[in-house]
Each structure stands twice: as C-alpha cells, then as structure tokens.
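Visitor: Could you take me on a close look at a single part of this structure? I am a first-year student, so please go step by step.

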Amino acid sequence: MAKKRPQTKAGKQQLKDGEIPVVGAREPCPCGSGRRYKACHGRAAAQAVAELVHRPFEGLAGECDWVALRELVPAATVELTLRGGLPEGVPSVTLATVLPMAWPALRRDDGSVLLALQNDTPSGDLSRDLADTLQRALAAEPGSPVAARRAPADGPRLQDVLDPDAAFEPVVHSGFEFWVPDAENATPEVSASLERANEAAIPTTLLSGVDAAYWCETPEKNHLRWVMPHPEEQLLDALARLHAAGTSSLGEGTRLVGSFRAHGLMVPVWDLPSAMGAAECEKPAAELAERLTAALASDAPLTAEERRARGGLTNRQVTLS
C-alpha cells in the first residue's frame, strides 16, 4: 500500500521562493509543500544552474568593461544608475570588483550600496544573480553585508534593473581603500582583508584612447589585455590578417600572444617590455585599432599564411568563463 504524502501543517508558515535554502535532493522541501526537494524547488534550482548564459552582460552599456572588471581587473569601481532612480535613503550604488571578506554586497552606514562583481554565483546566469544581490542590498539595513543565495529563476536581471542609457565609466584603483570611508578605524577583520587584497593586486591601468583595454604590470613583463565586442570568428580572421602582415604588435618588443574567452567575448593579449608603461601604449593601441577596423571590414578569403596565423591564434586561446 503506497505511503501517503506528508501533508503541510496548516499553521506552518511557507517560505517565499528566494528564501528557500538548498537541501538534499531526497529531503523534504523547506518550502513546506510536503514534496521532496528534487521534485519541488530543487527542480527549478537545478535547471537554473544547468542553463549557462554565455553573455550575461549583453545589452548593458560597457559590456566589454563589465567582462574586464569581472575577470581581469583587481581593484575598480563604477557608479551605477538604476531604472527609475535611487530608492529613498540610498545616496548611491557602486559596483566594485571585490569587497572585504568576499561579501556579495554591502549596505554602508550612510545607506549607500556596494555590489561586488567577482564573487562566485550559484546559478548559470551571472546577471540574474547580481541583480538579486543588488535588490536585497537596497532593502538591507544600513551597516550590514548581504549574504549569498540562489536567485529566483524568474527574477530580474541587471538589464532590467539598470538604466540602459547611463554611461558605464570604470575607475581603476591602485588598492582597495575604497572599501571603507575611514580605513584607519576599520575593524581588525576588514583591515586584515584589506592588507591581503592590496598585496595580491596587480598594478592595472585603463587606457584612455581605446575602449576596454587594460595595461597591467607583472614582475617579468607587462601585458595589454583588450576586451573586444566583435564576433569571435570575425575577430580571429581580422587578427590573423594583421598577424600575417606583421602588423598585429604594438611596436618593437611587443607581441600578440593569444587571447582569452570570457563571458562570450574575446580578450586578445599582448606581451610588452617591462619598460613599456600604460602611457606608452596609448598611441600604438589607437593605431592598432585603426588597422583592426580595416581588417574587420575585409571579406576576402584568408590566404594560406593568414590561415596558419589564425590556427596559431586559435591554439593559444584560453576560456575563462
């Protein structure tokens, strides 16, 4: 005789979708439905994890910079503009690469909100997870961090929450002092986290003459990492044309060494001499952008030499996300 399904007690308060914790697949669902988790809210959670959104920032202003701040830049902030303006009591909303103690978000004592970009997220849609964290931060009590959770599968995305007409203007910092208004009076935990983060940060500069190109300094050599919005196949063809013609570098001692894939976009990388700083990259990068624009416009079949160059570039690709 089949067992009866346990009934929800009449007086038990049922949780909302966003409040339901993750439990074992065969355990009762915490929502109080009486069903097993895998047959109830676990089904939507598993589907959300499986459905990876390859370009989570597509449609946002500054998509290339979103990718760079997520994957490449240690310390940066951006002032965000919300659709419909800021809620009462929230003077500002700031996107940050990371926050102390790996908090997903923080509501400061003055009511302002910091949203971290580089935290791990539980679903396959980074945009939805960030929007959920942002909304909870806006409603949090001043002076409190926001914990991680799985966003509702039907919740809004950043594209729904942010003003599509607002500029996206990253400010790259040399350290993480932006975490706290008064670093000298920070708690010991925050101070220790700040010190560790500053020690690990790679010096990085955003070029001013081209979009989403970031110079960085490492002990042996410097690099330029440039997030580009063009379709991957078209961009590979264009870079191969330049490489075969000997015009893919940024000048003497520099070399196009490969590329990353990150959140649906390509990030070509150049090795630079240790003496070549960010300022020295500005003019060569602008000239390369002009050559690349011309190469992108060409629809001629690749020559044998260009095909070999393309194969080399493809073999040196690394997927970050």
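Guide: Happily; we will look at one strand and then follow its links outward. Please keep in mind that this is a predicted model.

Our part is strand 11, which covers residues 265–272. How many of its residues are buried? The count is 8 of the 8 residues, so strand 11 is largely enclosed by the rest of the structure.

Now look at the directions of the side chains. In a regular strand the side chains alternate between the two faces of the sheet. You can follow that along strand 11: Leu265, Val267, Val269 and Asp271 point one way, while Met266, Pro268, Trp270 and Leu272 point the other way. The residues on both sides are buried.

Next come the neighbours of the strand. Strands of a sheet pair through backbone hydrogen bonds, either parallel or antiparallel. Strand 11 has an antiparallel pairing with strand 10, made of 7 bridges. Within that pairing, Arg261 stands opposite Met266. Strands 10 and 11 form a hairpin, with 2 residues between them. In the turn you will find His263, whose phi is positive at about 50°. Strand 11 also pairs with strand 9 (residues 222–226), again in the antiparallel sense, over 4 bridges. Here Leu272 is the bridge partner of Asn222.

Let us zoom in on one residue of the strand, Asp271. Is Asp271 buried or exposed? Its relative accessible area is 12%, and buried means under 20%, so Asp271 counts as buried. Which side chains make polar contacts with the side chain of Asp271? One is Lys221, at 3.4 Å. Another is His223, at 2.9 Å. If we leave out residues up to four places away in sequence, Asp271 touches Lys221, Asn222, His223, Gly253, Thr254, Arg255 and Val257. Notice that Asn222 and His223 belong to the range of strand 9, so you can find this contact list right beside the pairing we just followed. From strand 11 we can step into the nonpolar interior. In soluble globular proteins, nonpolar side chains tend to be buried together. The largest nonpolar core here has 41 residues, and those with the most contacts inside it are Phe57, Trp66, Leu134 and Val227. Strand 11 is one of the elements that each supply at least two residues of this core, and others include helix 2 (63–71), strand 1 (76–79) and strand 10 (255–262). Helix 3 gives the most, with 6 residues. There is also a second, separate core of 28 residues, which includes Ala240, Leu250, Leu256 and Ala278.

Let us follow the largest core to helix 2. In this helix 8 of the 9 residues are buried, so helix 2, too, is largely enclosed by the rest of the structure. Its buried residues are Glu63, Cys64, Asp65, Trp66, Val67, Ala68, Leu69 and Arg70.

Trp66 deserves a pause. What does Trp66 touch, not counting residues up to four places away in sequence? The list is Phe57, Leu60, Ala61, Leu80, Leu95, Leu117, Leu158, Leu162 and Phe168.

Two of those names bring us to aromatic rings. A pair of aromatic rings is described by the distance of the centres and the angle of the planes. A search of the whole structure finds 5 aromatic pairs. In one of them, Phe57 and Trp66 are stacked, with 5.2 Å centre to centre and 20° between the planes. Phe57 is buried with a relative accessible area of 0%, and Trp66 is buried with 1%. Trp66 also stacks with Phe168, at 4.8 Å centre to centre and 20° between the planes. Why is this pair worth noting? Trp66 lies in helix 2 and Phe168 in the loop between helix 4 and strand 6, so the pair ties together parts that are 102 residues apart in sequence. Phe57, Trp66 and Phe168 form one aromatic cluster.

To retrace our walk: we began in strand 11, with its 8 buried residues, passed into the core of 41 residues, and ended at the aromatic cluster of Phe57, Trp66 and Phe168.

Note on methods
Residues are numbered from 1 along each chain as its sequence is written. This is a predicted model: local features need pLDDT of at least 70, side-chain atom pairs count only at pLDDT 80 or more; totals for chains, interfaces and linings use all residues. Side-chain values use heavy atoms; hydrogens and water are left out. Buried means under 20% relative accessible area, exposed over 50%, partly exposed in between (1.4 Å probe, protein chains only). A polar contact is a pair of N or O atoms within 3.5 Å; within protein, one must be able to donate a hydrogen and the other to accept it, and residues adjacent in sequence count only if both atoms are side-chain atoms. Contact means heavy atoms within 4.5 Å. A nonpolar core is a set of buried Ala, Val, Leu, Ile, Met, Phe, Trp, Tyr and Cys residues joined through side-chain atoms within 4.5 Å. Rings of Phe, Tyr and Trp (its six-membered ring) pair if their centres lie within 6.5 Å; planes under 30 degrees apart count as stacked, over 60 as edge-to-face and the rest as tilted. Two strands pair if DSSP finds at least two bridges between them.
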